[in-house]
Amino acid sequence: MANIPKSVQEVLEILTAAGHEAWCVGGCVRDTLLGRTPEDWDVTTSALPEETMALFGRRALPTGLRHGTVTVRTDRGGVEVTTYRCDGSYHDHRRPDTVTFTRSLEEDLKRRDFTVNAMALGLDGTIRDPFGGRDDLAMGILRCVGEPDKRFDEDALRLLRALRFSAVLGFAIEEKTAAGIHRNKELLNDIAAERIQAELFKLLCGKNALAVLRAYPDVIGVFWPEILPMVGLDQRNHHHCYDVWEHTIHAVTAVPAEPELRCAALLHDIGKPATFTVDENGVGHFRGHAAVSEELADGMLRRLKCSTDFRETVVRLVAWHDRDIPRTDKAVRRALGKLGERDLRRLIALKRADNLAQSPTYFGRQRELDKGEVILNRLLAEDACFSLKQLAVNGRDLTEMGLSGPAVGRMLNALLDQVVDGDVMNEREALLKTAKDLLPFVAEL
Ligand code: ATP
Ligand code: MG
């Protein structure tokens, strides 16, 4: 039945031939039963780590011995083999204080987070499923193994894993599990930023992110309290048919499922609550909100320890989201110069989503975005110049003209401006002539 990869089959065979029990376990079983391709295959075994090490000899690497994990090298990559274990007590809401090895598969399945993640699959296709994971899988339900409060208290990352699985798989979170998530959310304070970040980005990219964000802003609000004032904030403006949070989560799910874009959509209006005013006609305004969003987003992404590249990309998209759509050659070339092709395309996607999450009366804006996109595609096809490295002259040409030091850079940028504005062609002779004309101004600055 199941398409267990050859490398994993081989590991299972060697373990069983030596008299041990061995099973595929966790996410790979869940994904196989769902007809999805598992990202990785984990093996669990009754063999103790030293027994696994001895059995596979030089092919075994002790990658996580303390937790009972040995990685077995195969022709097709490594397979993680972990001894059946039960976790001891938990004190820091993060990891067990002790790990005990056991000879019982059921004990091992019991320590796993959700019923759909607590199944084992044998070589012959047998499934071990003591907690009803298959039924939950069939019904699309995410349910804790055991008592939710206890399980979240042991390891608070499970709170976010639940939201992530619900968003990615489109599963409903069972009632007691959901109540446990709300009740225990503060425990997330003990979880490392990097781990929160990884789960959050997967959640945001999930097909069911809208429903999860709608139901659990309080949980996201534990590490990003800035989002909380968006919830229920009536915009009192005819452009909008949703409150700020509803608008935001619609925008999130209207951009392609890529972490930078989903994050930018989540944060684009984060500055709205702080800039909200109501005029004498009772109409709401958010003047200057993009700049406030930019600043808040920067701080939020730093707190989550996002990479510099990721943070800068998201913050730039947030900062630009409320600007006019560039839809002349000149404006598109300028935007290209500032953002580059990849981020300009992202900005267009963000603006599309922002508009689609407003009142349908204003969907006409999509056509303006189409226009900008047509120009962008044409300029790129024409190999239009929008950056210094595309300029038909370089620093050496200008040095030969007698410029030196910072004046060289100033001249290059002045020439680029003229090319981008369409005042001069990106051709060597024309640029050298323009440079001569500009020489007195640029040299003196
Ligand atoms: P994916 O790999 O698709 O993200 P997964 O379910 O395989 O999902 P992993 O982090 O690879 O997730 O973990 C493998 C298995 O280990 C899980 O299916 C689950 O059985 C168990 N597990 C992982 N993290 C936890 C946890 N925090 N608490 C309890 N069990 C866990
Ligand atoms: Mg996995």
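**Exercise 1. Which residues of helix H2 (residues 27-34) are buried?**

Before we start, two ground rules. This is a predicted model, so local features need pLDDT of at least 70 and side-chain atom pairs count only at pLDDT 80 or more, while totals for chains, interfaces and linings use all residues. Residues are numbered from 1 along each chain as its sequence is written, chains are lettered from A and ligands numbered from 1 in the order in which they are written, and side-chain values use heavy atoms, with hydrogens and water left out.

*Solution.*
- Step 1: get the terms straight. Buried means under 20% relative accessible area, exposed over 50%, and partly exposed in between (1.4 Å probe, protein chains only). Helices (H or I, at least four residues) and strands (E, at least two) are DSSP runs, numbered from the N terminus.
- Step 2: go through H2. Cys-28, Val-29, Arg-30 and Asp-31 are its buried residues.
- Step 3: see what they pack against. Contact means heavy atoms within 4.5 Å. The partners of H2's buried residues include strand E1 (22-25), strand E2 (42-45) and helix H7 (157-169).
- Step 4: check what comes after. Gly-35 follows H2 and has a positive phi, near 80°.

**Exercise 2. Find out how many disulfides the model has, and check Cys-24 and Cys-28.**

*Solution.*
- Step 1: apply the cut-off. A disulfide is a pair of cysteine sulfur atoms within 2.5 Å. That rule gives 0 disulfides.
- Step 2: look at Cys-24. Its nearest cysteine sulfur belongs to Cys-28, 5.0 Å away, and Cys-24 is in no disulfide.
- Step 3: look at Cys-28. Likewise, Cys-28 is in no disulfide, with the sulfur of Cys-24 as its nearest cysteine sulfur.
- Step 4: add burial. Cys-24 has a relative accessible area of 0% and is buried; Cys-28 is buried too, at 1%.

**Exercise 3. Work out which residues touch the most other members of the largest nonpolar core.**

*Solution.*
- Step 1: define it. A nonpolar core is a set of buried Ala, Val, Leu, Ile, Met, Phe, Trp, Tyr and Cys residues joined through side-chain atoms within 4.5 Å.
- Step 2: pick the hubs. The largest core has 104 residues, and Trp-224 and Leu-267 touch the most other members.
- Step 3: find the main contributor. Helix H17 (residues 329-356) gives the most to this core, 10 residues.
- Step 4: zoom in on Trp-224. Beyond four places in sequence, its contacts include Leu-200, Cys-263, Leu-267 and Arg-303.
- Step 5: don't miss the other one. A second, separate core has 19 residues, among them Val-393 and Leu-438.

**Exercise 4. Describe the surroundings of ligand 1.**

*Solution.*
- Step 1: list the neighbours. Near means that a residue has a heavy atom within 4 Å of the molecule. There are 15 residues around ligand 1, and Arg-30, Asn-117, Asp-155, Arg-158 and Arg-164 come nearest.
- Step 2: pair up the polar atoms. A polar contact is a pair of N or O atoms within 3.5 Å; within protein, one must be able to donate a hydrogen and the other to accept it, and residues adjacent in sequence count only if both atoms are side-chain atoms. An N or O atom in the Asp-155 side chain is 2.8 Å from a ligand nitrogen.
- Step 3: work out the cover. Accessible areas come from the Shrake-Rupley method with a 1.4 Å probe; for residues, only the protein chains shown count as cover. Ligand 1 alone exposes 580 Å², and the protein buries 80% of that.
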